[in-house]
Amino acid sequence: MIRIVIAEDQEMLLGAIGSLLNLEEDMEVVGQASNGEEALALVYRMHPDVCIMDIEMPEMSGLEAAEALRSFGCKVIILTTFARSGYFGRALQADVSGYLLKDSPSEELAGSIRSIINGQRIYCPELIDEDSNQNEQNIEEFQPLAERKTKISTVRNYLTTILDRIKLPTG
């Protein structure tokens, strides 16, 4: 069982990601946090295999928390809505295992988690900024998402999927 902590400051999205991942037979969300400091405390207490973090959160950002966890042994996946200059370089320095878009389909997130647990690093090509081109040869090995392009989903789709699965009206 892959044990997961999720840190996201938007409560609805935090719940949606947690619910979707808990539907996976081989995954269990063992903790949810609304900021980086809470995420660190949960990781230290729960010893998950993976910590999924929003990049921008109050108290402590996902990148700051990832830097603090660099030598802890928990794999970190950063989720973001869009690319910002310098963030990819900081993610590389923090040694994150994944740097992914929030609007990717849930199946892609679950597949990425499994791949990361098996030792791969997955960085979404759309998030690699121009400032990071000096690392181009290192980045080439982290491109599995480019080959696995699937249709784009949105947070609304995540929530609709959850509501459909638990049979609640979406209107």
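**Exercise 1. Strand 1 and its partners**

Is strand 1 largely enclosed by the rest of the structure or exposed, and how many of its six residues are buried? Work out its pairing as well.

The model is predicted, so local features need pLDDT of at least 70 and side-chain atom pairs count only at pLDDT 80 or more, while totals for chains, interfaces and linings use all residues. Residues are numbered from 1 along each chain as its sequence is written, and side-chain values use heavy atoms, with hydrogens and water left out.

Solution.

Step 1. Fix the terms. Helices (H or I, at least four residues) and strands (E, at least two) are DSSP runs, numbered from the N terminus. Buried means under 20% relative accessible area, exposed over 50%, and partly exposed in between (1.4 Å probe, protein chains only).

Step 2. Count. Five of the six residues of strand 1 are buried, so the strand is largely enclosed by the rest of the structure.

Step 3. Find the partners. Two strands pair if DSSP finds at least two bridges between them. Strand 1 runs parallel to strand 2, with six bridges. Here V5 has G31 of strand 2 as its bridge partner.

Step 4. Follow the chain. The path from strand 1 through helix 1 to strand 2 is a right-handed β-α-β crossover. Right-handed means that, with the strands pointing away from the viewer, the path from the first strand over the helix to the second runs clockwise.

Step 5. Add strand 3. Strand 1 also pairs with strand 3 in the parallel sense, over four bridges. I4 is bridged to V50 of strand 3.

**Exercise 2. Two helices**

Compare the spans of helix 1 and helix 5 with expectation, then list the buried residues of each.

Solution.

Step 1. Set the expected span: 1.5 Å times one less than the number of residues.

Step 2. Take helix 1, residues 11-22. Its twelve residues reach 16 Å from first C-alpha to last, close to the expected 16 Å.

Step 3. List its buried positions. They are L13, L14, A16, I17, G18, L20 and L21.

Step 4. Take helix 5. Its twelve residues should span 16 Å, and the end C-alpha atoms are 17 Å apart, which agrees.

Step 5. Check its cover. Nine of the twelve residues of helix 5 are buried. Among them are E108, L109, I113 and I116.

Step 6. Look past the end. G119 follows helix 5 and has a positive phi, near 100 degrees.

**Exercise 3. Salt bridges**

Trace the salt bridges of K102, then examine the pair R90 and E67.

Solution.

Step 1. Recall the principle. Side chains of opposite charge can pair when their charged atoms come close.

Step 2. Apply the cut-off. A salt bridge is a side-chain nitrogen of Lys or Arg within 4 Å of a carboxyl oxygen of Asp or Glu. The count comes to six.

Step 3. Start with K102 and E8. Their closest N and O atoms are 2.9 Å apart. K102 lies in the loop between strand 5 and helix 5, and E8 in the loop between strand 1 and helix 1, so the pair ties together parts 94 residues apart in sequence.

Step 4. Check burial. K102 is buried at 10% relative accessible area. E8 is buried too, at 2%.

Step 5. Move to K102 and D54. This salt bridge has an N to O distance of 3.1 Å. D54 is in strand 3, 48 residues from K102. Both residues are buried.

Step 6. Turn to R90 and E67. Their closest N and O atoms are 3.4 Å apart. R90 sits in helix 4 and E67 in helix 3, 23 residues apart. R90 is partly exposed at 29% relative accessibility. E67 is partly exposed at 27%.

Step 7. Join the pairs that share partners. E8, D54 and K102 form one network.

**Exercise 4. Cores and a helix 3 contact site**

Describe the nonpolar cores, then place V76 and A65.

Solution.

Step 1. Define the core: buried Ala, Val, Leu, Ile, Met, Phe, Trp, Tyr and Cys residues joined through side-chain atoms within 4.5 Å.

Step 2. Size it. The largest core has 31 residues, and those with the most contacts inside it include C51, M53, A66 and V76. Helix 2 gives the largest share, four residues.

Step 3. Separate the other core. Apart from the largest one lies a core of 19 residues, among them I17, L21, V50 and I113.

Step 4. Inspect V76. Contact means heavy atoms within 4.5 Å. Not counting residues up to four places away in sequence, V76 touches C51, M53, A66, L69, V96, S97 and G98.

Step 5. Inspect A65. This residue lies in helix 3 and is buried at 0% relative accessibility. Leaving aside neighbours within four places in sequence, A65 contacts G36, L40, M53 and M60. The C-alpha atoms of A65 and L40 are separated by 6.5 Å, though the two are 25 residues apart along the chain.
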